[in-house]
Amino acid sequence: MREEKNPYKIIENYTKSNNLIYAIGSAEPFYTLKDILEKTNPPFSSLSACQRIDPSLILPNVKSIICIGLSYNKKYIGSFDNEIRANISVGAVGEDYHITISRHLSNICKLLDTDSVYFSDTGPLIDRAVAQRCSLGKAGKNFSIINPKIGSMFFIGYILTSLKLKPTVRKDDFDPCKGCELCINACPGGAIKKDYLDYKKCVSFLTQTKQLNQSDYKLINKQLYGCDICQRICPHNQKKELLIKDGLDEFHPKADDILSMTNKEFNIRFKNTAAGWKGKKLLQRNAIIVLSNIKNDKALNILIKHKNDKREDIKELIEWAIGSFDKK
Ligand code: B12
């Protein structure tokens, strides 16, 4: 077989030269997931459990799945100033992974030149189940897929292809967590249960959902978008971070800047990042919650500066936040 026509070599060479991990799996339906999806009814999808478990409903002649992982394990190690700053999950800093992964998957599909469709995050299937089926890693207690080499801080993308490929075989002795429960104990909302993620208590979810109770505000703490706590503490992610010295405003935006942001500024700063998908107002709401959690004079002054916001709901939240300083 000529090298450029050998699908294994194509996938291997492409992923290696683009710092991606990959693995291959079969494309039978994920039958065992049906019950769990019906019971847990996970958010952000209107599809039925049946539609989320069967690759052949997406590509009728599907034979194999090629799964890739894009690491986002980076850490800001530059200096801080005296401004009031919030945190963005490191995976949402920089180009939106949906864009990056889709570009890679599209390139691989072009090179393979066969019937295929690709997805990352927004596809019908359960990406973590796909990654496990393909032996890209195993689920940890925090439910993230952990790869023995790069840890869990990677995004997942996959290609459904009509090519019949040999599944990746890995030794099955990788037991990622053993007796470790660091993530369970570190989760601020206690969201990590034995068999399921209580997503309504997951800080990542809280920063993305429109409906919040005041009891959720404390859990959000200083998060503007997403949450890395259950992965940051995981031993598999230690000493593998890409250490970043620049970009303080990207990793830790100033709360005042977020509240002052025009639509144009939002588009420039966030539209092409994973933190932008729910719009400007959601980030501004989170910035107000962060300020209410910080409770110092500087935070109070920023809230007072913005108290005449023209949007009724934002104005009300700012008033509540200012009032909450009396109860500290
Ligand atoms: C909705 C969603 C969320 C929701 C809810 C998550 C949930 N588990 O319910 C919220 C907003 C909370 C969220 C948060 C995060 N998410 Co999210 N999320 C999704 C999304 C879009 C759907 C997930 C879903 O419906 N899950 C349903 C539950 C039931 O399954 P699961 O936990 O995903 O997978 C498990 C089951 O399939 C189980 N399983 C498989 N077979 C069987 C069979 C049986 C019988 C049983 C019991 C279980 C079982 O094993 C899997 C691994 O644990 C996926 C993308 C996708 N389309 O899949 C991304 C995805 C899971 N998220 C991802 C990421 C990165 C995150 C965050 C880290 C983001 C952040 N920094 O803030 C956090 C992590 C929170 C956590 N600890 O899980 C990545 C995970 C990558 C990885 N290496 O694991 C994904 C895959 C996106 C991607 N393409 O990269 N997310």
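**Exercise 1. Decide whether Lys-138 is buried, partly exposed or exposed, then do likewise for its salt-bridge partner Asp-172.**

Start with Lys-138: its relative accessibility is 25%. Buried would need under 20%, and exposed over 50%. Lys-138 therefore counts as partly exposed. Keep in mind that you are working with a predicted model.

Now take Asp-172, which has 65% relative accessibility and so counts as exposed.

Next, look at how they meet: the side chains of Asp-172 and Lys-138 form a salt bridge, with N and O 3.1 Å apart. The pair links distant parts of the chain, as the two residues are 34 residues apart. Lys-138 sits in strand E6 (residues 138-139), while Asp-172 lies in the loop between strand E8 (154-161) and helix H5 (182-186).

**Exercise 2. Find out how Lys-34 and Glu-38 are placed in helix H2.**

First, check the pairing: Lys-34 and Glu-38 form a salt bridge whose closest N and O atoms are 3.4 Å apart. A cut-off of 4 Å applies here.

Then locate the residues. Both belong to helix H2 (residues 33-40), and because they are four residues apart, about one helical turn separates them.

Finally, check their surroundings. Lys-34 is partly exposed at 28% relative accessible area, and Glu-38 is also partly exposed, at 49%.

As a reminder, side chains of opposite charge can pair when their charged atoms come close.

**Exercise 3. Which residue forms a salt bridge with Asp-309, and is Asp-309 buried or exposed?**

The partner is Arg-311, with the closest N and O atoms 2.8 Å apart. Asp-309 has a relative accessible area of 15%, so it is buried. Arg-311, at 24%, counts as partly exposed.

You can now widen the view. A search of the whole structure finds eight salt bridges. Asp-81, Arg-85 and Asp-249 are linked in a network of them.

**Exercise 4. Describe the overall build of the protein, and explain why it counts as compact.**

Begin with the elements: the protein has 14 helices and 10 strands. Its radius of gyration is 21 Å, close to the 20 Å that the globule rule gives for 328 residues, so the protein is as compact as a globular protein of that length.

Add the burial: 48% of the 328 residues count as buried.

Last, consider the charges. The protein has 51 positive and 37 negative charges, and their mean positions are 2 Å apart.

How values were computed: Residues numbered from 1 in each chain as written. Predicted model: local features only at pLDDT ≥ 70, side-chain atom pairs only at ≥ 80, totals over all residues. Heavy atoms only, no water. Rg over C-alpha atoms; globule rule 2.2 N^0.38 Å. Buried < 20%, exposed > 50% of the residue type's maximum accessible area, 1.4 Å probe, protein only. Lys, Arg positive; Asp, Glu negative; His and termini not counted. Charge placed at Lys NZ, Arg CZ, Asp CG, Glu CD.
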